[in-house]
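I opened my notebook to work through this structure one look-up at a time. Here is the view I had in front of me.

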Number of protein chains: 2
Amino acid sequence: MKKTLFAALLSMSIAGLSASAMAAEPIDPIQPVKVDNPALVELGKMLFFEPRLSRSGFISCNSCHNLATGGVDNLKTSIGDRWAQGPINSPTVLNSYGQIAQFWDGRAKTLEEQAAGPIANPLEMASTHEMAVKVIGSIPGYAKYFKAAFGDAKVDMTRITDAMAAFEKTLVTPNSRFDQWLKGDKNAITADELKGYNLFKASGCTMCHNGAQVGGSSFQKMGMVRPYKTTNTAEGVKAVTGRDQDRMTFKVPILRNVELTYPYFHDGEAATLEQAVEIMGDVQLGKRYTKEETAQIVAFLKTLTGDQPKVEYPVLPPSVAATPAFNPWEPAKK
Amino acid sequence: MKKTLFAALLSMSIAGLSASAMAAEPIDPIQPVKVDNPALVELGKMLFFEPRLSRSGFISCNSCHNLATGGVDNLKTSIGDRWAQGPINSPTVLNSYGQIAQFWDGRAKTLEEQAAGPIANPLEMASTHEMAVKVIGSIPGYAKYFKAAFGDAKVDMTRITDAMAAFEKTLVTPNSRFDQWLKGDKNAITADELKGYNLFKASGCTMCHNGAQVGGSSFQKMGMVRPYKTTNTAEGVKAVTGRDQDRMTFKVPILRNVELTYPYFHDGEAATLEQAVEIMGDVQLGKRYTKEETAQIVAFLKTLTGDQPKVEYPVLPPSVAATPAFNPWEPAKK
């Protein structure tokens, strides 16, 4: 027994060493997800694509976090109920689990808490939690999925958001060329891409864009070295804390799949990766990259595109007479 | 050789007999689709889910013909560009191939012709064919899919709609309980459902709702026996022919998966199957069904729900700097 224990400890210690050897790079490979409760994930997928969670019956989570396009809508700011112009750029749902917080201003601690937000936001899905529960609870075809996920068919907001978060946790994108390189395949990226990565590190980008998500682990001021100019009125963390010094402080966005998640920044004002790199260099680091340097960093960033989640499009159970009716054009309630 | 030929002819003749024995029922089982060009279907699937075919970059074919919900949006009339209120109820894309024509008023002969319509309709996707070709043609990631489908990477409107139609042809829903019954499994439907089917036939419903699609094979006046009252201003076939006598004549809708494709009629004014059956009996057949009869017909109609298509949600290639920008809120062009 003692020998076995010692061997186990030794093997852990070697594993630890190997992990810290890898930690020599500020970016870690992203791990495929382990699913504990597949029934909960399946239900969460259905709810993620469920337009009846919106006032209109038209907008789902996937409308703005589209899994066909990097988990975003590729718009500066999102389209909401009655074509409302959203205040901020839609962050990707891919690899979003495990960040320091959710939303640009970090106002939700978890994916579960985040998922509840847009449903009741008048500029997004514009429903209410009460109505969401009433709608889903009225649909007999959901009962078996709630039973399989939770043991009984009760529908409440906690269960709805727990299921969504469980699905979202599965939305990881492993196996990017950069991760292959991190894991030892030195041919997985080109010489130019490697130059870009070295420049990315040397410039200080990895001070904030680090870890498995290449971001998402801290809040930073947008405009650290030089003020960032925008017409977007989002105040960042100040909206949560009320403190003036938190104005323009945002959660550092994830750079995984950044090739797919254009346009960039909280205001969506950088249309291309080249623009984003130049502006970041300028306002965060006080650097003016040459065209060649920018191209190298962009080349590196494109190696962060991983295998996109394989999602079988769900089939949603039909509404019945008891399901509240949807009228997208009814006048807004006061 | 002669013997073999004779045997073949005999076997064809027996097959023919068996087919006509089945044809004793006015409804035929729907057949699973045979795919000739899987690369064309794959491209078509991508384009079906492609929001960049719309002016806003937000609306795809799937927005109103949602494969999660019976190939429709379950709204009275559809939401289009800038939250436009569409003029008519979105017909299902499921089993839509092979109808006498497409659209409620039959203004497109084929799925290919149909697919071109909404892209350029200002109340729907509100783009133009020129812009659609420009956008898709600008996206380098599409080249390999066009090559695989067509032999080279050229993008034009014919190819776009050919691909969409090829995908749509695969969207059949075989194996409904009613089809199992048609094929000889007498336990596949209940006694009440069978009563409903017999009443459906005896009342004359199958005069129009017949064939594999249970509809879609003729145009009929809405309000044959008694005028149908609606505030919807759609004129039906008159809009195509200009002839007064074609006012309120519409293509007979498909009843496959009718449980999923609520609300009903061209104006979406019947919220439930019960209402739809009662109104049809009244204005088309001059019949007042008892509550029990209506329930039986509805029970039969629900046996028409088939296996929904299994669709792996596509991953779309990213836009590049050359791709025209999307601004959902820019003022409408005159």
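**Entry 1: the two domains of chain A.** I began where two domains touch, and I found 21 residues of domain 1 of chain A in contact with 25 residues of domain 2 of chain A. I sorted the domain 1 side by class and got nine nonpolar, nine polar and three charged residues. For the bounds, I noted that domain 1 of chain A covers 38–169 and domain 2 covers 177–304. I also looked up how far apart the centres of these two domains are: over C-alpha atoms, the separation is 27 Å.

**Entry 2: how far to trust it.** I reminded myself that this is a predicted model. Chain A has an average pLDDT of 93, and 92% of its residues score at least 70. Which stretch of chain A has a pLDDT below 50? I found that this is residues 1–22 of chain A, a stretch with two contacts in the model beyond near neighbours in sequence. My note to self is that where pLDDT is low, the predicted coordinates should not be read in detail. For the complex, I wrote down the predictor's ipTM of 0.92 and pTM of 0.93.

**Entry 3: where the chains meet.** How many residues does each chain bring to the contact? I got 34 residues from chain B and 34 residues from chain A. On the side of chain B that touches chain A, I listed 21 nonpolar, eight polar and five charged residues.

**Entry 4: helix 2 and helix 7 of chain A.** Next I went inside chain A, to helix 2 (residues 38–48) and helix 7 (residues 157–169), which pack at an angle of about 100° with their axes 7 Å apart. That angle makes helix 2 of chain A roughly perpendicular to helix 7 of chain A. From helix 2 of chain A, I saw A:Leu40, A:Val41, A:Leu43, A:Gly44, A:Lys45, A:Leu47 and A:Phe48 taking part. Their partners in helix 7 of chain A are A:Ile160, A:Ala163, A:Met164, A:Ala165, A:Ala166 and A:Phe167. By class, I put 11 residues of this contact of helix 2 with helix 7 of chain A down as nonpolar, one as polar and one as charged.

**Entry 5: helix 9 and helix 12 of chain A.** I then turned to helix 9 (residues 191–203) and helix 12 (residues 291–301) of chain A, whose axes are 7 Å apart at an angle of about 100°. Helix 9 of chain A is therefore roughly perpendicular to helix 12 of chain A. Among the residues that helix 9 of chain A brings are A:Asp192, A:Glu193, A:Lys195 and A:Tyr197, while helix 12 of chain A brings residues including A:Glu293, A:Gln296 and A:Phe300. I counted up the classes for this contact of helix 9 with helix 12 of chain A as six nonpolar, two polar and four charged residues.

**Entry 6: a helix pair in chain B.** In chain B, I looked at helix 2 (residues 38–48) and helix 6 (residues 143–150), which pack at about 140° with their axes 7 Å apart. Why do I call this pair oblique? An angle has to be over 145 to count as roughly antiparallel, so helix 2 and helix 6 of chain B are oblique to each other. Their crossing is left-handed. I found B:Ala39, B:Leu40, B:Glu42, B:Leu43 and B:Met46 of helix 2 of chain B meeting B:Tyr145, B:Phe146, B:Ala148 and B:Ala149 of helix 6 of chain B. I sorted the residues of this contact of helix 2 with helix 6 of chain B into eight nonpolar, no polar and one charged.

**Entry 7: backbone details.** Is the bond from A:Tyr262 to A:Pro263 cis or trans? I found the peptide bond to be cis, with omega near -10°. A:Pro263 sits in the loop between strand 4 (249–251) and helix 11 (273–285) of chain A. In chain B, I noted a cis peptide bond from B:Tyr262 to B:Pro263, with omega near -10°. Last, I checked A:Met248 and found phi near 70°, a positive value in a residue other than glycine. A:Met248 lies in the loop between helix 10 (238–241) and strand 4 of chain A.

Technical notes
Residues numbered from 1 in each chain as written. Chains lettered and ligands numbered in written order. Predicted model: local features only at pLDDT ≥ 70, side-chain atom pairs only at ≥ 80, totals over all residues. Axes fitted to C-alpha atoms, helices over the stretch in contact; angles between N-to-C directions. Helix = DSSP H or I, 4+ residues; strand = E, 2+ residues; numbered from the N terminus. Parallel < 35°, antiparallel > 145°, perpendicular 65-115°, else oblique. Contact = placed C-beta atoms within 7 Å. Nonpolar A, V, L, I, M, F, W, Y, C, P; charged D, E, K, R; others polar. Left-handed = near helix turned anticlockwise from the far one by under 90°. Domains from an automatic or database assignment. pLDDT = per-residue confidence, 0-100.
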